[in-house]
Amino acid sequence: MDENKYRGSLVKVIGISDTGEKIPAASGRISTQPGNASAILEKSLDPQKNAKLISKVTKSGHNSTIEHTVFNLAFQDVSVFCEQFIIEFRLASFTVKSRRYVDFGSDGYYVPFIGDKYEEEFKKTMDSFYDDYNYFVEKGIPKEDARFVLPYCLKSNFFCTVNARELLHMIQAMLFGRGSAFIELKNLGEQLFEQIEKLTPGICTDFFARRPKLSDKINIGLRFDDMKKAESADKKVQLLSYTLDAQKTIARTALVESRQYTADTIENIVSDETNVKKIIDIVMDSSRPRPLETASYTFRINGVSLSTITHFTRHRMQSLSIPSLTLTDRTKYIIPDTVRANPEFLKRYTDAFSRINELINHLRHEGLDEELLVYCQLSGNTLDIVSTMNARELKVFFSLRTCSRAQWEIRKYAHDMLMELRRIDPYLFEKFGPSCFMASCPEGAFSCGKAAEIKEYYGKKDE
């Protein structure tokens, strides 16, 4: 791979299953051939035969066979815009350098305009944001607050582990789908495919011939700009829809799962509210509360900073809709209390957002595409997102995100979400809250030491 042509934004395959394509090939054989798993694996040692078989099996649509090959990737000096794109692939694992705790003041940024007449202007403006960041850190502003003035082209480094099927999906999105309009993402897709094709030729056979027929971009094609905006749009959290009579739905599921009662018997049982509450209590105390997954809740979450959208994205067991970053309104941004409290800090902070607007307005006037301008926004700029989670995932979400150690912005959103759920279903959701409220604190030496106070707060019935 020629690293010099990729503007410093790189991805490297640093590991692969030691069985390579053997298990995908054996998986293609196991459903049609006699013998146990070990014997069939022993028949799958010829690389050329394996590649041919894998190609045949995947052409017929049996793509689950290639999930048995796993790749370890290192994304190196990519933009945080790229990071956000990649971590939205939920069937992969990621470990990202934390911008809450690590000083990013000297880590640099991705430059999309190398060789263009805009390069120096872009660099000068981006350097000014790093000056702001370093100033705030030196003045004692927490890094998790100072990071809001870091540009969305700041360099990110992270590891990713992903199976071959999801990796091909990722590359398809980079080369043909929603990432194809962004040169950085397209370059990274090319780098990935070049490397995995050498390592697993059978898995990659006919990749380009099998490109998606439909675009993964959604363009509604309608505008309603003349309609009056609803007052509720000012709310930080809006519950858009939810499972009606969720307690009974959960109870019915638990009774089918644990007792195999007939439908009529179950209806007799759940007609008594006392029985439903007893079943809910048992489910909540279970180590495998799968019946909770039958109740679903959809939230619109407004004005989320780009930094905190990353925190939401890390919860994989949800349906998360994030608008294209080309839609970001650069005039909207979050202001942390640590900055707001000091007039000097506040002026410097708001000046940073004014400068990014000046730059983007100039470049837009010059005719640059929005796909290049995504790098011209700050981490404190905001978007509205939509998340759908079931009650079991919400149990996990609240245990982590209402914790006093959670990042303050997502903690506020999580609290508001929980209060909204308690409003519609007090009995079920009065049992949800931070870990120390539902069970015990897992933070050890990092505990806030206020478990009793938190238990009392979340235990209030009139909250």
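Let's start with cavities. Searching the whole structure turns up one cavity of 30 Å³ or more. Keep in mind that this is a predicted model.

How much space lies in the largest cavity? About 90 Å³. Its lining is made by 14 residues. Nearest the centre you find Cys403, Ser404, Cys436, Cys441 and Cys448. Please find those five on the structure.

Now, which elements give two or more residues to this lining? Helix H20, residues 435-438, is one of them. Helix H21, residues 451-458, is the other. As for chemistry, eight of the lining residues are nonpolar. Three are polar, and three are charged.

On to a pocket. The second largest pocket holds about 480 Å³ of space. It is lined by 25 residues. Closest to the pocket's centre are Ser98, Arg100, His311, Arg314 and Arg401.

Where does the lining of this pocket come from? Strand S3, at 92-96, supplies at least two residues. So do helix H13, at 306-313, and helix H17, at 391-401. And which element gives the most? That is H13, with four residues.

The chemistry of the pocket lining is next. Eight residues are nonpolar, nine are polar and eight are charged.

To recap. The largest cavity has about 90 Å³ of space, with H20 and H21 each giving two or more lining residues. The second largest pocket has about 480 Å³, and H13 gives the most to its lining.

How values were computed. Residues numbered from 1 in each chain as written. Predicted model: local features only at pLDDT ≥ 70, side-chain atom pairs only at ≥ 80, totals over all residues. Heavy atoms only, no water. 1 Å grid on protein atoms, 1.4 Å probe; cavity = no way out; pocket = protein on both sides within 12 Å on 5 of 7 lines; lining within 4 Å. Points joined across faces, edges and corners; volume = space filled by probe spheres on them. Nonpolar A, V, L, I, M, F, W, Y, C, P; charged D, E, K, R; others polar.
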